Amino acid sequence: MKLTSLFLCCTSNTTIPSDDHEASVSGTNDDKPVVPAAVTKPKPAKRKVPDPEPYSAARAEALFKQYADGDDASFIGPEGFERLCNDAEIPLEGALPLVLAWQVGASEMAMILKSEWDKATSELQYVSHNLLATLAFATA
């Protein structure tokens, strides 16, 4: 079907020329034009967020240690920040990593100090990947 035939389809009793000469549109009532069905974009799948686990300093500490730098456990470095984003399903392209860094109060991009992590997780009561991702997506 040619692009011009899309505009002709809204009139009743009109034959639409096509490459195959097969397509035709005919209205059932001369008073009402034939209206094509609406085309909608599929909605993106919503993230399923499990029930949040209760906050505990020990759980926040364990999550921090999982991503802490191998040489100095007092901060999460760029590699750990990248792993954290990947595990939380936060795409590294775009602004979401910046939003996450801002939410945890990171003074330097892709680097979270232990003190910043402790303060943010205790204030926000977040101790899981899913909740961190929800925080980043909700504020973006």
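Helices here are DSSP runs of H or I of at least four residues, numbered from the N terminus. The model is predicted. T121 lies in helix α5, and so do two residues of the salt-bridge network described below, D118 and K114.

Three salt bridges were found in a search of the whole structure. One of them pairs K65 with E61. The closest N and O atoms of this pair are 3.8 Å apart. Both residues belong to helix α2, which covers residues 57–67. Four residues separate K65 from E61, about one turn of the helix. The two partners differ in accessibility. K65 has a relative accessibility of 57% and counts as exposed, because the cut-off for exposed is over 50%. E61 has a relative accessible area of 26% and is partly exposed.

E61 also forms a salt bridge with K114. Here the closest N and O atoms lie 2.5 Å apart. This pair links distant parts of the chain. E61 sits in helix α2, whereas K114 sits in helix α5, which spans residues 114–124. The two residues are 53 residues apart. K114 has a relative accessibility of 19%. K114 therefore counts as buried, since the limit is under 20%.

A further salt bridge joins the side chains of K114 and D118, at 2.8 Å from N to O. Both residues lie in helix α5. Their spacing is four residues, about one turn of the helix. D118 is partly exposed, with a relative accessibility of 30%. Through shared partners, the salt bridges join E61, K65, K114 and D118 into one network.

D118 also has a backbone approach to T121. A polar atom of the T121 side chain lies 3.4 Å from the backbone oxygen of D118. T121 is buried, at 2% relative accessibility. Neighbours within four places in sequence aside, T121 is in contact with Y55, A60 and Y126.

Taken along the chain of pairs, the network runs as follows. K65 is bridged to E61 within helix α2. E61 is bridged to K114, from helix α2 to helix α5. K114 is bridged to D118 within helix α5. The accessibility classes along this path are exposed for K65, partly exposed for E61, buried for K114 and partly exposed for D118.

Definitions and conventions
Residues numbered from 1 in each chain as written. Predicted model: local features only at pLDDT ≥ 70, side-chain atom pairs only at ≥ 80, totals over all residues. Heavy atoms only, no water. Salt bridge = Lys/Arg side-chain N within 4 Å of Asp/Glu carboxyl O. Buried < 20%, exposed > 50% of the residue type's maximum accessible area, 1.4 Å probe, protein only. Polar contact = N/O pair within 3.5 Å; in protein donor to acceptor, adjacent residues only side chain to side chain. Contact = heavy atoms within 4.5 Å.
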